[in-house]
Structure formats: C-alpha cells, structure tokens
Amino acid sequence: MALSVWEALAVFAAGIGAGAINTVVGSGTLITFPVLLAIGLPPITANVSNTLGLVPGAISGAIGYRAELRGQGRRALVLGTTALIGGLGGAILLLALPSEAFDTIVPVLIALALVLVLFQPRLARALQRRRENDGAAGRTYGGPVLLVGLLLASAYGGYFGAAQGIIYLSLMSLLLDDDLQRVNAVKNVLAAVVNGVAACFFLFVAEFDWTAVLLIAVGSALGGQIGAGVGRRLSRTALRAVIVAVGVVAIVQLLLR
C-alpha cells in the first residue's frame, strides 16, 4: 500500500524503537504492531510484515552483544535449534488459528515471567543448592525444563512475539548459571532465529507489505545497535528493573487492545 510521508516516518521511527527495546529487553512488537494497524494494514498482514521487518534488528542486536556471546557458541547452537523448531511451529499456528487464541494466556505468561525475573536471585540460589549433583550440561544448557520452556516460548514468538524476550530472559536467568548480560546476549540470538525462521516461512505462504517491511527493517537494524550500546552498560539490577517496567507496560497494552 502507498504510505504518506508521515506514515512512512512513523513506521520507520517505530522500527528504531522496536529494534532498540528488543535488544535490551524484548516487546518491540508492542511498538511496531499498533503503528502498522494504524496505517491501515489488516492484523495478520501487519503481524507478518512486522516479523519480517524485525529480523535485521534481531541480527543487529546479536552482533552488538558479540562480546558477551564469546564462549557461548555451543549453548547458542543447542538453544537456538530448540528456538528454531518452536518458532516454525508458531508461524504455522499464526495462519491456522484465530488471532484471539492467545489473547487471554499471553498477559498471564508475561506476568509469570516478570515474577520469575523479580525473584530470580533468590530462586537461582535455591535451585543451585538442589542441583549440586547435576552434570555440567544442566548448568550449561539449563536441562530439559529450559528446553521445553524455550520451545513453547519460541512457538509463541513465531505466532506473535510481544514480550517474547522477557519470557526468554526469565527462563534462562533462572535456569542458567551465568551473568544476566550474557544471558541477554543469547536471548538476542534466539530472537533472531525465531524471527528468521518465521520470516522465511511467511515469505512463501503469507501476505505482507513490502514498504512496511523495508521501513521497519532499516529502522530496527539501527535500533539494534542503539539498544546494544545502552543495554550493555546497564547493571544487573538496572537491567532487571527495565525488564519489569517494559513487561508491565506490555501487560497493560495487551489487556487494553
């Protein structure tokens, strides 16, 4: 569809904001999706266009966190494979299920994720005491609980993806014995994988708007670098506070839309 100059600028600016917030926390879809609806795109077309456009931003954010990714290649491969399977499943569900299917459960998922983020230090200490006899694989990859959780979170991400990053962070920060910034770096890789596989699927089977896709793609790539620059400077406490703040906004917006 043909966009006015102001509509194009709004979509581009939304892409920058989404790319930045996705890299730091997640939930960038809550910025771009409403803008795409406001310029007249149908919901499914807007969702597909948004997913396609955010792929460069996810890749840009992962590159921005490359220092924190050092030494995590095997972990990223194992968790990324899980995310790829889940993301493809979610993309298929998007075209098979009504858009109202997750409207009730998504705010609940985000609320639970925020509770995990808030109490992560205490819960992590308790879990560490209970898994003293676990092998290194459990500490490195989080064990089957994390893999199943990421599979379901990635299916949700391929379907819609709002606050997907918050769910990733809550699961990994609780079940992986590692620094929150390094966990955030892996989160960006998983987001890139899920958006990428969903985008490849949508290219062949779904309708999308190329103008919106390109505007979001350029904006999110720029925003990804901005977000990486900001996010990597945040302390563990500050990053956790940002996660909770964004999550609360996400819940409110999802309940009101």
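1. The cavity. The largest cavity in this predicted model has a volume of about 230 Å³. Its lining is made by 23 residues, and Asn22, Leu54, Gln164, Ala191 and Asn195 are the closest to the centre. The structure holds 1 cavity of 30 Å³ or more.

2. Who builds the wall? Four helices each supply at least two residues of the lining: α1 (5-24), α3, α10 and α11 (180-205). Helix α3 gives the most, with 6 residues. Which class of residue fills most of the lining? Polar residues do, with 17, against 5 nonpolar and 1 charged.

3. Confidence. The mean pLDDT of the protein chain is 82. A value of 70 or more is reached by 84% of the residues. Where is confidence lowest, and where is it highest? Helix α8 (residues 136-141) has the lowest mean, 55. Helix α12 (residues 210-231) has the highest, 93. Keep this in mind when you look at α8 on the screen.

4. The overall fold. The protein chain has 13 helices and 0 strands. Read from the N terminus on, every element is therefore an α, since strands number 0 and a helix is a DSSP run of H or I. Of the 257 residues, 52% count as buried. Take the contacts with a separation of 6 or more: residues 24 or more positions apart account for 84% of them.

5. Helix α1. This helix has 20 residues. From its first C-alpha to its last it reaches 29 Å, close to the expected 28 Å. Its buried residues are Ala8, Val11, Ala14, Gly15, Ala18, Gly19, Ala20, Thr23 and Val24. Just after α1 comes Gly26, with a positive phi of about 135 degrees. Recall that α1 also supplies at least two residues of the cavity lining.

6. Helix α9. Residues 143-159 form this helix, 17 residues in number. The reach from first to last C-alpha is 25 Å, close to the 24 Å expected at 1.5 Å a residue. Among its buried residues are Gly143, Leu146, Gly149 and Leu150. Others in the buried set include Ala153, Tyr156 and Tyr159. Gly161 follows α9, and its phi is positive, near 100 degrees.

7. Helix α10. Is this helix mostly covered or mostly open? It is mostly covered: 12 of its 12 residues are buried. The run goes from Gln164 and Gly165 through residues such as Tyr168 and Met172 to Leu174 and Leu175. Gln164 is also one of the residues closest to the centre of the largest cavity. Why does the length of α10 fit a helix? At 1.5 Å a residue, its 12 residues should span 16 Å, and the end C-alpha atoms are 17 Å apart, so the two agree.

8. Thr45. This residue is found in helix α3 (residues 43-64). Why does Thr45 count as buried? Its relative accessibility is 13%, and buried means under 20%. Leaving aside neighbours within four places in sequence, Thr45 is in contact with Glu207, Phe208 and Asp209.

9. Glu68. Look for Glu68 in helix α4 (residues 66-69). At 15% relative accessibility, Glu68 counts as buried. Its C-alpha is 5.0 Å from that of Arg182, although the two are 114 residues apart along the chain. Beyond its neighbours within four places in sequence, Glu68 is in contact with Gln181, Arg182, Ala185 and Arg232.

10. Phe201. This residue sits in helix α11. Why is Phe201 partly exposed rather than buried? Its relative accessibility is 22%, and the buried class stops under 20%. The C-alpha atoms of Phe201 and Ile92 are separated by 8.1 Å, with their positions 109 residues apart along the chain counted as the separation. Not counting residues up to four places away in sequence, Phe201 touches Leu88, Ala91, Ile92 and Leu95.

Note on methods: Residues numbered from 1 in each chain as written. Predicted model: local features only at pLDDT ≥ 70, side-chain atom pairs only at ≥ 80, totals over all residues. Heavy atoms only, no water. pLDDT = per-residue confidence, 0-100. Buried < 20%, exposed > 50% of the residue type's maximum accessible area, 1.4 Å probe, protein only. Contact = heavy atoms within 4.5 Å. Expected span 1.5 Å × (residues − 1). 1 Å grid on protein atoms, 1.4 Å probe; cavity = no way out; pocket = protein on both sides within 12 Å on 5 of 7 lines; lining within 4 Å. Points joined across faces, edges and corners; volume = space filled by probe spheres on them. Nonpolar A, V, L, I, M, F, W, Y, C, P; charged D, E, K, R; others polar.
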